Every structure is written in structure tokens, then in C-alpha cells.
Amino acid sequence: MAKYVYDFAEGNKDLKDLLGGKGANLAEMTNLGLPVPAGFTITTEACQRFLAKGSHVDGLGDEIDRHLAGLEAAMGRKLGDPADPLLVSVRSGAKFSMPGMMETVLNVGLNDESVAGLSRQAGGNDRFAWDSYRRLIQMFGKTVCDVPGDEFEDALHKAKETKGVRDDVQLDADDLKSLVSAYKKVFSKHVGHDFPQDPRQQLDLAIEAVFRSWNADRAVLYRRQERIPADLGTAVNVVAMVFGNLGPDSGTGVAFTRDPATGESGIYGDYLQNAQGEDVVAGIRNTLPLADLEKIDKKSYDELLQIMATLEGHYHDLCDIEFTIERGKLWMLQTRVGKRTAAAAFTIAAQLVEEGMIDLDEAVTRVSGAQLAQLMFPRFDLSGDPTSLTRGVGASPGAAYGSVVFTSARAVELAAAGEKVILVRRETNPDDLPGMIAAQGILTARGGKTSHAAVVARGMGKTCVCGADQVEVGRDRFTVHGQVVHEGDVISIDGTTGRVYLGEVPVRPSEVVQYFEGDLDPALANEPLVAAVHQLMTHADQRARLRVRTNADTGPDAARARRFGAHGIGLCRTEHMFLGDRRELVERLILAHNKAERDDALAALRPLQRDDFLEIFREMNGLPVTVRLIDPPLHEFLPSLEELAVQVAVAKERGEESEEVERDERMLAAVRRMHESNPMLGLRGVRLGLVIPGLFAMQVRAIAEAAVALAAEGGRPRPEIMVPLVGAVQELETVRAEAEKIIAEVAGDSGVEVLIGTMIEVPRAALTAGQIAEAAEFFSFGTNDLTQMAWGFSRDDVEGAFFWRYLELGIFGISPFESIDRDGVGRLVRIAGEEGRAARPDLKLGVCGEHGGDPESVHFFHEVGLDYVSCSPFRVPIARLEAGRAAIESAGSDHR
């Protein structure tokens with residue numbers, strides 16, 4: 001038969017899966033000989049069984065009876081004994097800390113008779129007894145029976161108002177006795193029966209309420225945010241009550257062994273005399289700094305400091321402690337590895353290495369890419385209480401302010417004049433790229449974290465807020481909640497929180513980015529945080545097996561990524577080189593009547609492409625650069641069908657005749673000819689190269705010429721040509737044959753070598769990878785499109801349409817475009833890698849989709865044996881750190 005209940009002495013800190021974090025740590029402190037009240041833990045397995053059945057668990061009641069009897073024997077009191085009652089707390093405790101998300105009930109066991117016995121225990125302290133009773137009714141009512149908490153608060157407020165006092169501690173025993181009567185009336189009004197007097201019934205109902213709180217809305221939301229699995233369940237801890245509200249020689253508090261905000265050593269925490277734990281958390285009374293406890297109760301203070309040192313030495317980490325002092329006796333109620341800010345995480349990890357508590361491997365696993373990301377983006381200083389306009393989706397972190405503009409051209413114009421601007425659009429498209437580059441940040445009324453604006457902004461390290469659907473965007477103004485913001489007005493946007501503010505909010509730069517950029521003020525180089533980041537990043541790089549490349553399309557992006565530690569470029573998108581002024585040349589290519597006109601257009605494009613590639617190769621001299629041949633459908637470079645049709649119709653209606661009108665008519669015919677119902681599955685990628693003669697050949701020649709030019713300068717170009725959207729080996733073989741002839745012709749005896757590979761983004765390519773590998777020297781997984789095609793999702797449409805509902809229902813724990821879908825898309829990656837290398841053992845494997853910079857995904861790519869990941873420049877340090885963590889954790893599991 002399953003064992004569902006453990007006494008504290010039976011557990012330890014390594015049983016968090018079974019006993020939850022709180023129960024495991026109470027057991028650990030018990031085994032360390034620290035002053036922990038007696039108690040027992042009901043396991044997470046019992047919770048899982050209860051939630052699955054929706055009712056009591058067979059055998060659980062008998063186990064609770066036996067352990068309760070042991071608890072009563074240890075304390076010398078019985079639950080509900082009118083003369084000398086044992087009271088217990090019933091507290092949640094999941095494997096992962098979820099502070100405040102689930103339920104707690106204190107003082108279980110009190111009733112109309114035992115309240116007098118509690119008073120006698122406390123030396124005739126009637127006030128304490130009735131205060132404890134009213135707390136039980138209030139917590140039990142809210143937690144177990146869903147009684148509105150406001151009504152209890154209203155009754156308490158009325159009692160204080162009647163007495164003419166401000167704090168509840170000023171209410172005497174008679175006041176609290178009357179308050180208990182008022183609370184009982186509130187309880188019976190909402191529940192339909194009187195407050196239960198049977199102590200064991202109180203206990204059973206409280207335990208079941210804690211079980212159910214695992215699925216409370218706030219707990220579900222917190223788990224989703226923190227990526228905590230939904231099937232873990234919570235343990236329940238039943239602990240003998242100790243009381244901090246027995247008078248001035250009693251109290252309760254929280255303590256941290258180091259500052260959770262900065263990581264600095266010292267005495268941090270709060271203490272509240274004559275109070276129970278929830279009073280500190282609720283903030284209903286002003287607490288005292290923990291250091292003041294030394295003056296109030298030096299004996300307990302000294303003992304607490306000794307215990308704090310013991311716990312930090314035992315856990316080798318910052319510990320968060322809850323304690324109660326009952327008439328001068330110190331009791332430890334909880335400890336856990338404390339939550340901390342990102343800055344504190346890095347600082348503490350480095351400190352513990354210096355103090356000899358942990359080694360560098362352990363230190364690197366104590367920090368995360370998500371924490372590093374928080375440190376890299378500038379932040380607003382909100383001390384001035386700025387006016388909040390609205391809130392959208394924080395799509396690309398950072399803090400930016402500027403004058404509002406509504407067009408890409410205006411953004412470029414004002415930025416060129418030295419003005420900071422925020423580009424505001426309903427949604428962005430590729431034509432907005434110049435304005436996005438010029439702007440300090442982007443705000444859109446539509447879209448989510450994987451919209452065009454979000455993806456491009458993250459790639460550039462631009463602050464972006466998407467999906468601010470309360471923003472109504474006009475031609476020269478936007479309106480939100482009745483507030484009109486005109487072009488030229490200043491707004492500030494927070495890409496982390498999604499907040500939008502009116503006016504300029506001061507920005508604090510990130511010293512961590514300055515460190516990576518190499519322009520940090522020398523005076524800050526030895527600051528604890530910067531020194532910690534340097535130390536841990538250096539070790540992560542030494543341990544990493546995965547290399548980290550970048551997605552970069554320009555020389556400045558490549559240079560920045562290299563400063564950030566990129567080992568090359570994993571994705572250079574050539575289509576971005578055809579925007580702006582060059583769009584006209586692409587239009588010439590599309591509108592060409594014959595081979596001569598097409599060749600002229602390609603000839604005009606080639607030197608521009610060659611110069612682009614040469615700039616990038618120079619910045620990445622000696623490192624590999626993977627250039628993806630043009631991928632998107634050509635219609636993206638043409639005007640919209642609707643706008644062009646209207647323009648031509650108006651010109652005809654007016655009888656206008658000119659070269660411009662004739663050109664528009666030819667353009668409209670071309671747009672109609674190229675119109676596709678689903679362009680993402682149409683004429684794009686390798687299909688363009690096979691259908692439009694000379695297009696890929698022009699790009700291959702430009703790449704080879706740029707490489708030869710750099711070699712002639714004494715450089716070491718390492719170009720790699722990637723053919724997109726291949727689904728069959730015959731497609732790649734055809735393109736490769738033509739490319740090899742061009743490369744041989746251009747390279748001659750220059751010594752330049754060019755690898756040719758493909759992007760695995762079509763499910764069929766993943767499933768026929770063994771065949772394709774015979775014609776490819778490398779695979780790069782385009783996980784954006786691979787996810788899109790594997791799921792049958794249109795990335796630009798589905799997030800705003802229904803992803804929120806999928807997340808709400810638990811179908812997704814996180815968007816599959818944000819973190820790799822291990823079971824589906826991840827399996828395609830694994831299959832392609834294994835079958836590709838079976839056919840070509842030296843096949844190089846990488847990934848260049850958005851997942852290349854996602855911490856969870858980086859660990860998966862390490863696990864399946866990829867050689868590198870590629871991500872936007874600003875995510876390179878994050879991927880480097882996670883690559884090191886993945887290698888360390890993998891080595892640790894191998895040794896186990």
C-alpha cells in the first residue's frame with residue numbers, strides 16, 4: 001500500500017518530489033537538530049490521487065490518524081482537548097516555491113470550548129485566545145469555504161472603528177470575542193451552516209482545501225509563468241502551532257542570509273512583535289528591521305544568526321527563513337533556497353565560489369540565461385510615477401522613449417536629424433524595416449511575441465511592445481482610453497512589462513551590456529555584478545560544447561555580435577538586402593519581359609550583394625558565415641494587390657495616360673500573376689532558384705566574389721551557402737551543381753572554399769535527411785518554419801487568434817514558437833540529425849530559428865548533438881551561458 005504521510009524525522013531535503021519543498025526542508029532542519037515544531041507531511045502523491053478522484057483518498061485518513069496520534073504524544077496535548085488543546089497549522093508546499101499561490105490555515109483545532117483551554121495555556125491570556133479563534137474563522141472561511149474575505153475585513157474595521165483604535169492589537173479580549181461572533185455570522189450567511197466545531201473535521205477540510213488550491217486560478221497562472229509542470233501537485237504540512245502573538249516577548253519574522261536584491265552579505269529581514277506570520281506578509285502593520293531584534297531579544301537574535309549560518313553552510317546558497325518567537329523561544333517554521341533578483345543571482349554565485357562553498361561548475365548552473373537577459377536591457381526609473389497609458393505584450397525587452405511617428409519614412413527622417421522616435425503602427429511589415437532600424441522602439445496595436453515586429457525587434461535588440469489592442473492608430477495620432485497622442489508627442493515603452501507611458505521616462509543603461517560591448521567605464525569593471533558576470537561567462541564558454549553563432553544581415557550587426565562573443569554567423573538573410581532603394585531593382589527583375597531585361601536587373605543587383613557580403617565577411621574574418629539564398633516569395637517586394645488595384649482603377653477612371661500609369665498596370669498584372677492563397681507554402685525558397693533563371697546564380701557569384709576579394713586582402717573568409725526550403729534531395733542537387741561551377745570559376749586558385757548545405761524547415765526534409773545529407777555539407781534547422789509546418793499554424797495569425805486559449809486550457813505550457821516542442825518538432829530535429837550523420841558522419845548541424853536563443857531550447861539542442869545554435873546578436877551571451885550550463889548538467893547526469 002502506498003505511503004502517504006511522513007513524520008518530519010522520516011524525510012530530508014532530497015525528497016522534494018514527494019514531500020514538496022517546504023516539507024522536505026522542514027524534515028532537513030529537523031534532522032539538523034534545529035528547533036522545528038513537531039509535525040508531518042502528506043505527500044504530493046496523495047494530492048495527485050485526490051485531484052484525480054475528486055474525493056477522499058483510500059487509506060489516507062487512517063495514516064493521518066496514526067501520525068496525528070504521534071504528534072499529540074510528542075506535544076503532550078490532544079487536538080481539540082477543551083482543557084489543553086493542540087492546535088495545528090495546515091500549509092501547502094509544492095516541489096517548486098510558489099509563494100502565496102496556495103493556501104494556509106492556522107490555528108486548526110479551536111472551537112467554542114477549547115478557546116478557554118487555550119487561554120489557560122497562555123496563562124489566562126483571554127485576548128490571545130480570542131484573537132487566535134477569530135483568525136481561524138477568517139482563514140478557514142476564505143480558504144476552505146470561499147467566504148468573501150472583504151466581509152471579514154469589514155467586520156474587523158467596524159470593530160476598530162467602534163473602539164476608536166487604528167490597529168487590531170489595540171482590541172481587547174471582549175472586543176475580539178464580539179468579533180468572533182460577527183465572523184461566525186458572516187460564515188453561516190455564506191456557507192449555510194455554522195462554523196464547524198469538530199477539530200478533526202476542521203483538519204480534514206483544511207487538508208482538502210490545500211489540495212484543491214493547486215488548481216486555483218492564481219496557482220495555475222503562476223505555474224504557467226514559471227513553467228512549473230501542472231501534474232506535480234502540492235504536499236500538505238500539518239505542524240504544531242507556535243504562537244508569536246502571545247505578547248511583547250513573542251513575534252514573527254522573515255530572514256535572508258544575504259540580500260536577495262543585491263546579493264550582499266549582511267542581516268536582512270523583518271520582524272513583527274506580538275504577531276503571527278500572515279501579519280508580516282499581509283503588510284497590515286509596519287515591521288521592524290531584523291537587526292532591531294538584537295535590542296528586543298538578544299538571546300533569540302544570536303540563536304537566529306547561528307541558525308542562519310548553519311543553513312547557508314548546509315545548503316550552500318542564500319536561504320529564506322520564516323521563524324516565530326514564542327515567549328522567548330525561537331522556532332524555525334520554514335527555510336528554502338531564496339528567490340533573488342537576477343543581479344543577486346550572479347553576485348551570490350560568484351561569492352559562494354570565492355568562499356569555497358561551491359565550484360565554478362555549480363555556480364554556472366545557479367544562474368540562467370533568463371536572468372542574464374534581465375541584466376542586459378536598460379530599465380526605466382519609475383520613481384517619478386509616470387502616467388501609464390496602456391499595457392500590451394512585452395515582445396522585446398528594454399526601455400525606450402521618443403517622439404511618436406506613424407510611418408517608416410518619418411522615423412528615418414527624424415532619426416537622421418538626431419531625434420529619438422517610437423514607431424507606432426497597427427502592425428509592421430517588411431517595408432517598415434528602415435523605420436524600425438531608425439526608431440528607438442516599436443509599439444503595435446496588433447500581434448504577439450512572434451509577430452513580425454517582435455521577431456525583427458528582438459533580432460535588432462530593439463525595444464518592442466506588441467498587441468496593445470486598446471490603442472486605436474490613426475494617420476497622425478493614436479487614441480487610448482480617450483487620451484489622444486499626436487505625432488511628435490513623446491511616449492516611453494517598456495518591452496519587458498509591456499507598459500506604455502506618456503512622456504519621457506528616465507532610462508538607466510545596463511552596465512552588463514557595456515561590459516559585453518567593451519565600453520564599460522573602467523571604474524565599474526570591478527563592481528561585484530560585472531566581475532561575477534565575467535567570471536561565470538568565462539567558465540561557461542570553457543565548458544560549452546555547443547558553439548554560438550548569430551543571425552546578422554549587416555556589417556554593424558555582425559560586429560556587435562562578435563563583440564558579444566559570437567563564433568560566426570549562422571543565418572545571413574539576403575532578402576533584407578533587397579529592401580529600401582533596391583526594391584526598384586527587384587521590381588525590374590519581376591517585370592522583365594525577356595532574358596535580356598532579367599539579366600540586366602540581376603547584373604545591377606550583383607555588385608550591391610557582393611559589397612554587402614564583403615562587409616559582413618570582413619567583420620567575421622576567420623569565422624564561418626552562413627548565407628541563406630533568397631527565401632520569401634517575390635510578391636513581398638511588390639506593392640499590395642488591393643492598393644495597386646485601386647490606384648490603377650482611379651487612373652483609368654480619370655483617363656490618365658503616362659509611363660507611370662503604364663508601369664502600374666504592368667505591376668498590377670505581375671502582382672495578380674504572383675498572387676497565392678498561401679504564399680508561405682508557395683513559390684519561395686529553393687523553388688525561386690529553380691523557376692527564375694539566374695537568381696540563385698547571381699547570389700552565389702556575389703558570395704564567391706566577396707570571399708575572393710577578402711582573401712586578396714589577406715583575410716580568411718569562411719562562406720557557407722544555405723539553400724532554403726528544400727524538401728527533396730533532387731532540388732538541392734540541382735542548385736548545388738550550378739553553384740559549384742560558379743564557385744570554381746570565381747575562386748580559381750585563391751584558396752577560397754565554400755560549403756554548401758541546406759535549411760531543414762520542411763517536415764519531409766527532416767524525414768528524408770539521410771538522402772539530403774548526401775548532397776549537403778551542413779544542415780541548419782529553421783525551427784520557425786519547421787514549427788509552423790509541423791503544427792499547421794500560420795505564425796503571423798494564430799498567436800493573437802487562439803494561443804491565449806490554448807495556454808489557458810493547458811494545451812500549451814508555452815508557445816511552441818517561443819520554446820522548442822520537444823515531442824513533435826524536436827523529434828523531427830533528432831531524426832534528421834541522426835539520419836543525416838548516418839549518411840555523412842562529418843555533417844555539420846546547427847539551428848538558426850528563434851529557438852536558437854531560447855534557454856530551454858539550447859539545452860535540447862545540446863542533448864541531440866547539434867554543433868551550434870544561432871540567434872540574434874543580443875541573445876548571443878544568453879545562448880553562450882546556456883550552452884555552458886547544458887554541458888555541465890549533461891556531464892553531471894553522465895556521472896550519476
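Let's start with cysteine 464, which counts as buried because its relative accessibility is 0%. Buried here means under 20% relative accessible area, exposed means over 50%, and partly exposed is in between, using a 1.4 Å probe and protein chains only. Keep in mind that this is a predicted model, where local features need pLDDT of at least 70 and side-chain atom pairs count only at pLDDT 80 or more, while totals for chains, interfaces and linings use all residues. Residues are numbered from 1 along each chain as its sequence is written, and side-chain values use heavy atoms, with hydrogens and water left out.

So why is cysteine 464 not bonded to cysteine 466? The closest cysteine sulfur, in cysteine 466, is 3.4 Å from the sulfur of cysteine 464, and that is too far for a bond. A disulfide is a pair of cysteine sulfur atoms within 2.5 Å. Cysteine 848 is buried too, at 4% relative accessibility. Its closest cysteine sulfur belongs to cysteine 871, 11 Å away, so again too far for a bond. How many disulfides does a search of the whole structure find? Zero.

Now to the barrel. Eight strands form a closed barrel in the order β26-β27-β28-β29-β30-β31-β32-β33, with parallel pairing. Helices (H or I, at least four residues) and strands (E, at least two) are DSSP runs, numbered from the N terminus. Two strands pair if DSSP finds at least two bridges between them. From one strand to the next, the twist averages 25°. For angles, axes are lines fitted to C-alpha atoms, for helices over the stretch in contact, and the values run from 0 to 180 degrees between N-to-C directions.

Let's follow β28 through its neighbours. Strand β27, residues 569–573, pairs with β28 in the parallel sense over three bridges, and cysteine 572 has valine 627 of β28 as its bridge partner. On to β29: five bridges join β28 to this parallel strand, with valine 625 standing opposite proline 719. Which residues of β28 point one way, and which the other? Pro624, Thr626 and Arg628 point one way, Val625 and Val627 the other way, and all are buried. With five of its five residues buried, β28 is largely enclosed by the rest of the structure. Helix α27, residues 695–712, lies across β28 and β29, running at about 170° to β29. Further along the barrel, β32 (residues 844–847) and β33 (residues 868–871) pair in the parallel sense over two bridges, and valine 847 stands opposite valine 869.

Last stop, a pair of helices. Helix α5, residues 126–145, packs against helix α7, residues 173–191, at an angle of about 15°, with axes 8 Å apart. That makes the two helices roughly parallel; angles under 35 degrees count as roughly parallel, over 145 as roughly antiparallel, 65 to 115 as roughly perpendicular and the rest as oblique. The contact includes Trp130, Tyr133 and Ile137 of α5 and Leu176, Val180 and Phe187 of α7. Contact means heavy atoms within 4.5 Å.

Phenylalanine 128 is found in α5, and at 2% relative accessibility it counts as buried. What does phenylalanine 128 touch, not counting residues up to four places away in sequence? Leu118, Ala122, Phe243, Asn245 and Leu246. The C-alpha atoms of phenylalanine 128 and leucine 176 are separated by 9.2 Å, although these residues are 48 residues apart along the chain.
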